[in-house]
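User: I am new to this structure and should like to learn how its features are read. Could you guide me through some of them?

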Amino acid sequence: MSESHYDCVIIGAGMSGLAAGIRLAHFGKRVCILERHSMPGGLNSFYQIGGRKFDVGLHAVTNFVTKETKAAPLTKLLRQLRIRYDELDLSPQMHSEVRFPTATLRFSNDIALLTEQIASKFPAQVDGFRRLVERLQALEATQALDLHAPARQALGEFITEPLLIEMLLCPLMYYGSAWEDDMQFGQMAIMFKSIFCEGFGRPRAGVRQIISTLIRHFKGNHGELRLNRGAKRLLIEKGRVAGVELEDGYVITADAVLSSAGLVETLALRPDLAPAQRADLYSHAGRMTFVESISVLDALPIDLGLDFTIVFYNDRDIFQYRPPEEPVDLHSGVVCCPNNFQYLKPLDEGLVRITHMANYAFWTSQSPELYSKHKSEWYEQSAAAVSRIVPDFRQHVKNIDVFTPRTIERFTGHVNGAVYGSTNKTGDGRTDLENLFLCGTDQGFLGIVGALLSGIMMANAHVLKGRS
C-alpha cells in the first residue's frame, strides 16, 4: 500500500532529524519524519513516573554561550533554524570538576579557570595546554572530522604529563567517544571546544523544553511528524532509495532520505545486502553503553554539600574507557546535579544523576524479575561508590529510577545499546546509495548542539544542495 510522495523522508525524530526537518520545511520542502516510538527525542527524551518528569540522556547542553556570542555553534544553528535564543531557556552551569586520586581540576564556561587550575597543579604543562587550546580553537568542525589520529597520541605533542592527558580525556570520552580507550583526535577537538572552551547550560524544564521547541517550529512550517511509525526496510532501485516501507506495511516514497538512526542501523534496513556484507557492517558497531540512575532527594544537593554541576571521577590515575567485564564499572563515572545551574528559579526537587559504563550482554540477557532485582542491587553499589567521591546523599533519597543498555537499545535502536554509535563516522553523511544520507551521531557531530548542527548541515548539503 502506497502513501504520499515527499521531497525528503527523515528516519528518526531525534535532535538531528528534527533540525533537518525544520531546515528543509523553511525552504518549502515537503518533509515527513518517521519515529518508531510514541515520543520524539531518541535517548534525549523524557518520561513521567508517578507525576514526576525525568529527562533521559540530558545532563547538560554543551557549547553553551550567551546570546550575544555570534560566531558560535549554538547561536549559528539557532539562526539557521530561526529559533530565538530565549526559547531554549538555557541557564549556565555553576562549575564542574574532574576528580582523580591525586588531582582535581575545576572548570566552568570560561577556559581561563581550567587554564589557571592547570597552571597551579601542573605548572610545567600550562604552556603546552595553551598551545593546544590555540590549535583547537583554530580548527573548524568540518576540518576536525578529517583528523583521524588517536587523541592520546596527538595530545602528547602538547602535554607531556600522562595524568593530565587522562584527566582531560575523561569528560570528553564519557560525553562523546565511540572508540574504546581513546578517541579520534578530530572528535576530541570538537568535544574539547564544546565542553572546556564553551561549556554547559541547561533549560530549567530539561530536555522537553528543547524537544517541544523543535516540534513547534517543525509543525509550524507544515512538516509532518509520524510517531509510532518505524521504518522496516528501504526499497532500492538502481542505486537509489525509491521508498521506505514502514513496519505496518505502508510505503512512503521520497526524492531523498536522511537517516538519524545510525550507520549500521540504517544500512541494515537494506534488503539487498549479502550475508557477508551484513556481517562486515555489524563489525563496525560501537560497544560503549551505560547505566544511569536518577535519585530524587528530599533536599537540594547544594544543602548536602554537592555544590558542583557535574563531576567526572576516576579512582585510578589511568582512565580505562571500555565495556567492563562486570555489569557496571564503578571505578569511574559521572555525577550530575541538575539543580546546580544558574536558574532564575530553583528546581522544585533535588536530583542527582549517576552514569557508569556498563556490560551490554549482562543487562540485555536478564529475565524481567532478575532485571529489576539487578537494577536495585547495582543502584545501591553505584550510590555507595559515588559517596566515596562526593558528599553522601543516600539518606535523602526518596525516589529512584534506573535505565540500562536495555533501555538505550529500546529507545534508540542502536546495536549493542551503543550511545555514540558506530566507531566509523561518515563526515559528509554520504552512503553508497545516491540519495541516502546520514545525520546525527554517525555523521560525526555529538551532543545536542552537535546533533542539531549535523541535521542542518546534512539538509543544506544534500537536499538544499549547498545552501549554508
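**Reading helices, loops and contacts**

Analyst: Let us begin at the end of a helix: G28, just after α1, takes a positive phi of about 80°. Please keep in mind that this is a predicted model.

User: What span should the 12 residues of helix α1 have?

Analyst: One multiplies the rise of 1.5 Å a residue along the helix, which gives an expected span of 16 Å for α1 (residues 15–26). The end C-alpha atoms of α1 are 17 Å apart, which agrees.

User: How many of the residues of α1 are buried?

Analyst: A residue counts as buried when its relative accessible area is under 20%. In α1, 12 of the 12 residues are buried, so this helix is largely enclosed by the rest of the structure. Among them are M15, L18, I22 and L24, together with R23 and H26.

User: How does helix α7 read by the two tests of span and burial?

Analyst: Helix α7 (residues 162–174) has 13 residues that should span 18 Å, and its end C-alpha atoms are 18 Å apart, which agrees. As for burial, α7 is mostly covered, with 12 of its 13 residues buried. The buried residues include E166 as well as L163, I165, P171 and Y174.

User: Where do the buried residues of α13 lie around its axis?

Analyst: The general idea comes from the helical repeat: an α-helix has 3.6 residues a turn, so residues three or four places apart point the same way. Helix α13 (residues 368–386) has 19 residues and reaches 27 Å from its first C-alpha to its last, close to the 27 Å expected. Its buried residues are Y371, H374, W378, Y379, S382, A383, A385 and V386. These residues cover an arc of only 165° around the axis, which puts them on the same side of α13.

User: At what angle do helices α4 and α8 pack?

Analyst: One compares the directions of the two axes, and angles of 65 to 115 degrees count as roughly perpendicular. Helix α4 (residues 126–137) and helix α8 (residues 185–198) pack at an angle of about 105°, with their axes 10 Å apart. The two helices are therefore roughly perpendicular to each other.

User: Which residues of α4 and α8 make the contact?

Analyst: From α4 come F129, L132, V133, L136 and Q137, while α8 supplies F185, M188, A189, F192, K193 and C197. Sorted by class, the contact has 9 nonpolar, 1 polar and 1 charged residues.

User: How should I read the sign of phi?

Analyst: Most residues other than glycine have a negative phi. Here, D181 has a phi near 65°, a positive value in a residue other than glycine. H222 also has a positive phi, of about 70°, although it is not a glycine.

User: Where are D181 and H222 placed, and is each buried or exposed?

Analyst: D181 lies in the loop between α7 and α8 and is partly exposed, with a relative accessible area of 23%. H222 lies in the loop between α9 (207–220) and β9 (224–226). With a relative accessible area of 70%, H222 is exposed.

User: How far apart in sequence and in space are Q443 and G429?

Analyst: Separation along the chain and separation in space are read as two distinct quantities. Q443 and G429 are 14 residues apart in sequence and 5.2 Å apart in space, C-alpha to C-alpha. Q443 is in the loop between β18 (436–438) and α15 (447–463) and counts as buried at 1% relative accessibility. Beyond its neighbours within four places in sequence, Q443 is in contact with residues including L145, K425, G429 and M458.

User: What does A256 touch?

Analyst: Not counting residues up to four places away in sequence, A256 touches D7, C8, V9, N435 and V463. A256 belongs to strand β12 (residues 251–259) and is buried, with a relative accessible area of 8%. A256 and I10 are 246 residues apart in sequence and 8.6 Å apart in space, C-alpha to C-alpha.

User: How far apart in space are H396 and L114?

Analyst: They are 32 Å apart, C-alpha to C-alpha, and 282 residues apart in sequence. H396 is found in the loop between α13 and β17 (397–403), and is partly exposed at a relative accessible area of 26%. Leaving aside neighbours within four places in sequence, H396 is in contact with V296, L297, D298, A299 and L304.

Note on methods. Residues are numbered from 1 along each chain as its sequence is written. This is a predicted model: local features need pLDDT of at least 70, side-chain atom pairs count only at pLDDT 80 or more; totals for chains, interfaces and linings use all residues. Side-chain values use heavy atoms; hydrogens and water are left out. Axes are lines fitted to C-alpha atoms, for helices over the stretch in contact, and angles run from 0 to 180 degrees between N-to-C directions. Helices (H or I, at least four residues) and strands (E, at least two) are DSSP runs, numbered from the N terminus. Angles under 35 degrees count as roughly parallel, over 145 as roughly antiparallel, 65 to 115 as roughly perpendicular and the rest as oblique. Contact means heavy atoms within 4.5 Å. Ala, Val, Leu, Ile, Met, Phe, Trp, Tyr, Cys and Pro count as nonpolar, Asp, Glu, Lys and Arg as charged, and the others, Gly among them, as polar. The expected span of a helix is 1.5 Å times one less than its number of residues. Buried means under 20% relative accessible area, exposed over 50%, partly exposed in between (1.4 Å probe, protein chains only). The arc is that of the directions from the helix axis to the C-beta atoms.
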